[in-house]
Amino acid sequence: MTNPARRRGRWEGLPYWLILPTVAYLALFFAWPTVQAFQLAFRDGDVWTLEHFRTMANDAAFGDALRFTLLLVVVIVPLQFVVALGMALLVNAKLRGGGLFLYVFLLPLAISDLAAGIVWSAIFTEFGYLNTILEGLGIIDLPYLWLDPQNQGLLLMTVVAAEIWRSTALVAIILVAGLQGIPRDYSEAAEVFGAGFFQRVRHVIIPMLKPSIQVALVLRVILAFEVFATVIAITGAGETVLAEEAWRWKTSYFDDSVAAAYAVLILVLSLVSAGLILRLLRTPREQMAR
């Protein structure tokens, strides 16, 4: 017969065997490429150097790419969170046919970044759908140039609109999952004591939703730093982002090291932003742990 202690040891080790394929996948396709990217960025042959980062910083497009990337993150993430929270509250309201809302919200996730950019480019072009509708309603007499390369604000607005349409559902799904884990007793008790809808959202739902908000915002910030195809499809050469510059140095200049330097910068900015989010949105349990 099998020794009970040995059998118990096997069961205790089972979780580690179950996560082994995931760990192997992350090590092979994420950890190892990251190590290679750092080596490309910080080494020139056998010598450790910062020359590739100097080349990146002296690139004529670096300042514009960094500024537009940060603008996208600062504008997209808060707007997307507000819209996603409204979508999540609507789905969680258990309205008749409410499940249909979730499926409708999920449809843009099936569209790739490039395809979404092309769709929204067709909307905002000089003879696109938006100008056609506005002219038909008599709001404008001549087509308006929404994609004006000289107007950074308009270009930012068009990219933000495309990204909010395309990926807000990803944030909303995480928030819906968090809302479903909050007992309705808390919200009902607040309602009994006279709290209105917005008061319940602010003082009851959002504090209890913080763990889900952390996950949603960290994920969205990381993805916002990687926005690439949508910007190219909508703005063309009008604007650029860090990911686009990394791609340009790789494919046009055939310089893997500078491209890796851009990739390292994107990684650092993503980690710093994620750390700030986790610190600012600490739950009471995390605050007590400190």
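This is a chat about a few residues and salt bridges in a predicted model.

Visitor: Before we start, what kind of model is this?
Guide: The model is predicted, and local features need pLDDT of at least 70, side-chain atom pairs count only at pLDDT 80 or more, while totals for chains, interfaces and linings use all residues. Residues are numbered from 1 along each chain as its sequence is written, and side-chain values use heavy atoms, with hydrogens and water left out.

Visitor: Okay, where does Gln80 lie?
Guide: Gln80 lies in helix α3, which covers residues 62-92; helices (H or I, at least four residues) are DSSP runs, numbered from the N terminus.

Visitor: And is Gln80 buried or exposed?
Guide: Gln80 counts as buried because its relative accessibility is 0%, where buried means under 20% relative accessible area, exposed means over 50%, and partly exposed is in between (1.4 Å probe, protein chains only).

Visitor: Which residues does Gln80 touch?
Guide: Not counting residues up to four places away in sequence, Gln80 touches Glu163, Ile164, Ser167, Thr168, Val171 and Arg220, a contact being heavy atoms within 4.5 Å. In addition, the C-alpha atoms of Gln80 and Ala161 are separated by 9.8 Å, and these two residues are 81 residues apart along the chain.

Visitor: Switching topic, how many salt bridges are there?
Guide: The count comes to 9 salt bridges, each being a side-chain nitrogen of Lys or Arg within 4 Å of a carboxyl oxygen of Asp or Glu. Among the residues involved, Asp113, Glu163, Arg166 and Arg220 are linked in a network of salt bridges, and Glu163 and Arg220 are also among the residues that Gln80 touches.

Visitor: What about Arg67, which residue is its partner?
Guide: Arg67 forms a salt bridge with Asp64, and their closest N and O atoms are 2.4 Å apart. The two are separated by about one helical turn, because they are 3 residues apart in helix α3. Arg67 is partly exposed at 40% relative accessibility, and Asp64 is partly exposed as well, with a relative accessible area of 34%.

Visitor: And Glu245 with Arg248, are they buried or exposed?
Guide: Both Glu245 and Arg248 are buried, and they form a salt bridge in which the closest N and O atoms are 2.1 Å apart. They sit 3 residues apart in helix α12 (residues 242-251), so about one helical turn separates them.

Visitor: Last one, how far apart are the closest N and O atoms of Asp46 and Arg43?
Guide: In that salt bridge they are 3.9 Å apart; Asp46 is exposed, with a relative accessible area of 70%, whereas Arg43 counts as partly exposed at 25% relative accessibility.
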